[in-house]
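Subject: Structure handover

Hello,

Here is the structure I promised you. Please open it beside this note, and read on for what came out of it.

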Number of protein chains: 2
Amino acid sequence: MRLLDFLVGRELANSEAEQDKMTTLEGLPAIGLDGLASSAYGPEAALAILAPLGALGANWLAPITLAILLVLAMLFVSYWQTIRAYPVNGGSYTVATENLGATAGLLAATALMLDYVLTVAVGISAGIGALTSAVPSLHTHTLNLCLCVLAIVTVINLRGTREAGILFAIPTYLFIASLGGLLAFGLGKAMLAGGFPTPEIPAPASKVASESVTLWLLLRAFASGCTAMTGVEAVSNGVGAFRQPSVKYAHRTLAAIVVILSLLLAGIAVLARAYHVGAMDQTKPDYQSVLSQLAGAVAGHGAAYFVTMGSILAVLCFSANTSFVDFPRLCRLVARDGYLPRDFAAPGRRLVNSVGIIWLALAAGALLTAFDGITDRLIPLYAIGAFLAFTLSQSGMAVHWARKCAAKESWGDRARLIVNATGAIATATSLAIILAAKFLEGAWITALAIPCVLMLFKTIKRYYARLDGRLAILAPFTIGDPRPPIVIIPIRDWNRLGERALRCALRMSPEVIALHLSRLEGPDIEEGAEKLRLRWRDDIEPALRALRRPAPRLVQVDAPFRGMNSPILKFIARTREQNPGRAIAVVIPALAEAHWWELPLHKRRARRLQGVLSREGGANLAVVIVPWSLEDPQPGNVLDSPPEPK
Amino acid sequence: MRLLDFLVGRELANSEAEQDKMTTLEGLPAIGLDGLASSAYGPEAALAILAPLGALGANWLAPITLAILLVLAMLFVSYWQTIRAYPVNGGSYTVATENLGATAGLLAATALMLDYVLTVAVGISAGIGALTSAVPSLHTHTLNLCLCVLAIVTVINLRGTREAGILFAIPTYLFIASLGGLLAFGLGKAMLAGGFPTPEIPAPASKVASESVTLWLLLRAFASGCTAMTGVEAVSNGVGAFRQPSVKYAHRTLAAIVVILSLLLAGIAVLARAYHVGAMDQTKPDYQSVLSQLAGAVAGHGAAYFVTMGSILAVLCFSANTSFVDFPRLCRLVARDGYLPRDFAAPGRRLVNSVGIIWLALAAGALLTAFDGITDRLIPLYAIGAFLAFTLSQSGMAVHWARKCAAKESWGDRARLIVNATGAIATATSLAIILAAKFLEGAWITALAIPCVLMLFKTIKRYYARLDGRLAILAPFTIGDPRPPIVIIPIRDWNRLGERALRCALRMSPEVIALHLSRLEGPDIEEGAEKLRLRWRDDIEPALRALRRPAPRLVQVDAPFRGMNSPILKFIARTREQNPGRAIAVVIPALAEAHWWELPLHKRRARRLQGVLSREGGANLAVVIVPWSLEDPQPGNVLDSPPEPK
């Protein structure tokens, strides 16, 4: 417990919930990391597709970026509206559920969840990939480094969302300042030079063009570049993480993310053209990322270069944090609707859902391990979930406005409908392009996983629905048979365990049967059966007769197979037959282990018997555990045996 | 369960115990395998030490074998007497305990147990070593093959001792017949040739002598050769495995083992000299074992050779069986004396102690894994335990006869005293030589492990002694406070779980308190508190008033940290303070999972609460589990809610 306190901090009370929520200042690092980090790989992914065009490639980046910024602007407006219309957690899930039906909502949730897991894996592996390409000696440790970063992000998030925001503020703001400053400086230089600046370190010459421009190539470049938009939906999915008024803080955070991201993307597109920067082959040893080439061209390999590259690396690594904020919140919503086990709905000791965080970490860890922590193998699986959720969320909002318009005509709502419908078409088109372009490379895995997970969720829901149906009570309360239960105590030797159990049984009911099983220890062991019978005759029966109470019966039953469970079950069945309608209670004296090392020293028969009775004991059976611990107060204790019974 | 039935057979009843016991016919394979297999490595081990003497080495084997046979004869007489005097399991342990005291007995038991584990590891690794030297392509799989054989022997022994004896009869009797026949044939040839037979395939020429004969060298050769005697004690340790009259069957089995082993050892010694066979370097690729060289020299590489070598291989592999017969029986005795957890004393489904068998397999598996399944690394740890147990057992028998003589002078007992005392001195000397010769190579591990395990046993005994002391009852039975307990039911929503728990509580006591914990699900969840209060006012209280019974109180308690346990513990403490002397029962409605896949779907709060209450609930507390399963009969069931309460 001490270790847990140290790692994730003390338990937070319900009353402290509001204090753990975020303002824009913490929201941008906690929830915006993924969106901002996209600028480090989105343009690069587009340029990689454009590489066969040779030197011409960099020129095509600008129009593609423009298209991306258009979609981004639509998403921005759309999510702005979503946040206002649904100021709760789980944006896309809620929007799709309310407007398109439960299955569409669940589909959005599934898609988002898979994408969150992939975001964690891709972000961390990309960050560590950048690190190992800077320090090649670390290359053999790629997977371990990935898992280390994952563990760090996990523990920080178990401490609470706000703490993560505060901890990640430094790298985030450093990233914005350094990359933004670098781009501004480069743009200034380019303007002064009339559009043809002299690079400090020229980017390597592009290869000779091997293909000419086709629409399919441009579409694929656009599809790859769309990864730059992942993370934009994050704010709308985690509105509940913001302090009151949460809509205001969420709006501000969304605006900050989109504006900064747009500026970065635009700056990169313009400078890539001015400095003739293209994507290099990642498998070659002299590989440099697009941002590294740009930074070198603008500022040379000085301090500014290293600060910028370091902050990019940190932001990539920690971009996983966005998923850690949203995934548990989405899980909580889905669990409260009955599609996930109920554990996912419970707030943990720091008021964030620890179960969701841990499952996210486990899934991402499994994914990283399966793909050896290599980004390129993960990328084809990625972005499908996000764009499916985008599309569903946009369509849902479109339906939302259409309904509003149908109820009461309004120009504003009509405009909003158009924005969202256009958005839905744009994101659906992007999704189709992404799926087609990446299907064979790995997108099929995601396309297969989404329906499987969806079906699992529906199965869980069905189970809970059946459970709730069986649990529901319609009839008014009746006490049933009010007679005290017939109490059965399995007893082996006469010791404090048995004594305490017998006392407990006698308090509950006048009808007590002590059950002695013989030959439990095998064929060749002499047992205390005779001793027990004498004890009953000479001690217990007289003691109860003196109190004018019925004495407990002692019954001996053979255990031919040395197990307690089946003879006891048989005895219960017989007792039930002879006493129809009566409730039965089995009192089990149990040794409670005070220390873990006592576990192997006891047979835990009590625990096993309890399990069997719970499962197979039949209706109207109660199992009474009378715990006794070696550390209990000594015999003679006032509570346990008062000197004079009343 | 079906799988278990298939693997280890149906459960045996106590009454079937005698049927599972052995006669000599099954006893020789089941219990004698280790002793007989020793002939395959004992002479080789001695010859390996004699190798520096060159061609002269083989000549010295005969006197060393003679010395070994002398000690063996002494052991034979001694164990013959032991079996008659102590016709029970655990020979050395019982003898040493009764005559030399508990610590000496425990020391013998510890030594034997470690030796049993080593016998398994050494036997299997030697067998697999022989196999891989015959089929070198299997060499990379050494460890896996070892673990496979271990698994097979384990499963066979879980089926019962007699079945193991029947299954291992074929390789055992084939081994005796083929190796015996081969030796007899070789001896015949040698006699016909006047002591100088012509080998079919001559053994490789010995190396030139690099050392001359010293006493230390001969002593070391003797010490190594003593491994040929391991396994002789096995019969006396497992007398209980024989059918009645067990002494007769045990005596016969012991005699059979010793006679056959002596003949084999003598034959090997004579033939090794006649055919000039010496030990070869095991690390060299052209290595051949002594028996392989002998078989080649006598019979050539024909069918007889391969049958003999195959049966040796099988016997080595399955020599582990002896340990599987004796180890669990020894464990059972030690556990019944309180030095081992009580699980070790319980007969399993096939009347053998499955726990002991599984622990033996786990320990041997760990040892094989740690030493990569290589015999040479294991050998130095071996034989120390056996000779320590021999010495303690012989000394114990000597004391036994000395006491008898002191009570009543008798020539027979005096002769027996002399035999056992000489045996004790001989085995003690052998032990000292073995320890000195092998100490640095690995014997120190065993020398260190024995006292550690001994101390562990004594700690366990102390724990049980303390437990038994606390459990013992001296005072006569008093019922204590006879009032029914105050019953507390933690209740969340009004459903069948709560209803059933409430009915159960009302049958046990008129004083029932329903405890509703609010804010269990976090700060932002609306709860059914108000609904529950209404249900109480409008349904439950009137129902009980109609029966003129006190209504259960509904109490609301805040759970600021979302855990049930500490608010409930606090409430119990408060109730106890207000009602001194009263017993308290907590009724927990619990969902019993019918299928394993339901486990992750429930929070198992009931189970956790039960654990905490057992450990920290204080004295005079009972935990009542009211199980409810989704598979339970539908509401309206007669038992659960009879139409008219009496």
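How far apart do the C-alpha centres of domain 1 of chain A and domain 2 of chain A lie? The answer is 62 Å. The domain assignment puts domain 1 of chain A at 22–466. Domain 2 of chain A covers 486–628. Please keep in mind that this is a predicted model.

**How the two chains relate**

Chain B superposes on chain A after a rotation of 180°. The shift along the axis is 0.0 Å, and the RMSD is 0.1 Å. That is how a two-fold axis relates two copies. Look for B:Val624 when you want to find the axis in chain B. Its C-alpha is the nearest one in that chain, 2.1 Å from the axis. Both copies use the same surface: 99% of the contact residues of chain B recur in chain A.

**The interface**

The contact involves 81 residues of chain B and 81 residues of chain A. On the chain B side, five elements each supply at least two residues. They are α18 (411–471), α19 (496–508), α20 (529–546), α22 (605–616) and β5 (621–628). Helix α19(B) gives the largest share, 8 residues. By residue type, the side of chain B that touches chain A has 47 nonpolar, 14 polar and 20 charged residues.

Strand pairing also crosses between the chains. Strand β5 of chain A (residues 621–628) is joined to β5(B) by 3 bridges. The two strands run antiparallel. Within that pairing, A:Val623 has B:Ile625 as its bridge partner.

**The nonpolar cores**

The largest nonpolar core has 163 residues. Which of its residues touch the most other members? They are B:Ala108, B:Ile124, B:Ala272, B:Leu294, B:Ile312 and B:Leu360. Helix α5 of chain B (residues 102–134) provides the largest share of this core, 20 residues.

B:Ala108 is a good place to start looking. Leaving aside residues up to four places away in sequence, B:Ala108 touches B:Ser92, B:Tyr93 and B:Ala96. B:Ala108 also touches B:Ala389, B:Leu392 and B:Ser393.

Another core, of 162 residues, lies apart from the largest one. Its members include A:Val120, A:Ile156, A:Phe175 and A:Leu381.

Best wishes

Definitions and conventions:
Residues numbered from 1 in each chain as written. Chains lettered and ligands numbered in written order. Predicted model: local features only at pLDDT ≥ 70, side-chain atom pairs only at ≥ 80, totals over all residues. Contact = placed C-beta atoms within 7 Å. Helix = DSSP H or I, 4+ residues; strand = E, 2+ residues; numbered from the N terminus. Nonpolar A, V, L, I, M, F, W, Y, C, P; charged D, E, K, R; others polar. Pairing = 2+ DSSP bridges. Core = buried A, V, L, I, M, F, W, Y, C linked by C-beta atoms within 7 Å. Buried ≥ 20, exposed ≤ 12 C-beta atoms within 10 Å, placed from the backbone. Least-squares fit on C-alpha atoms with pLDDT ≥ 70 in both. Domains from an automatic or database assignment.
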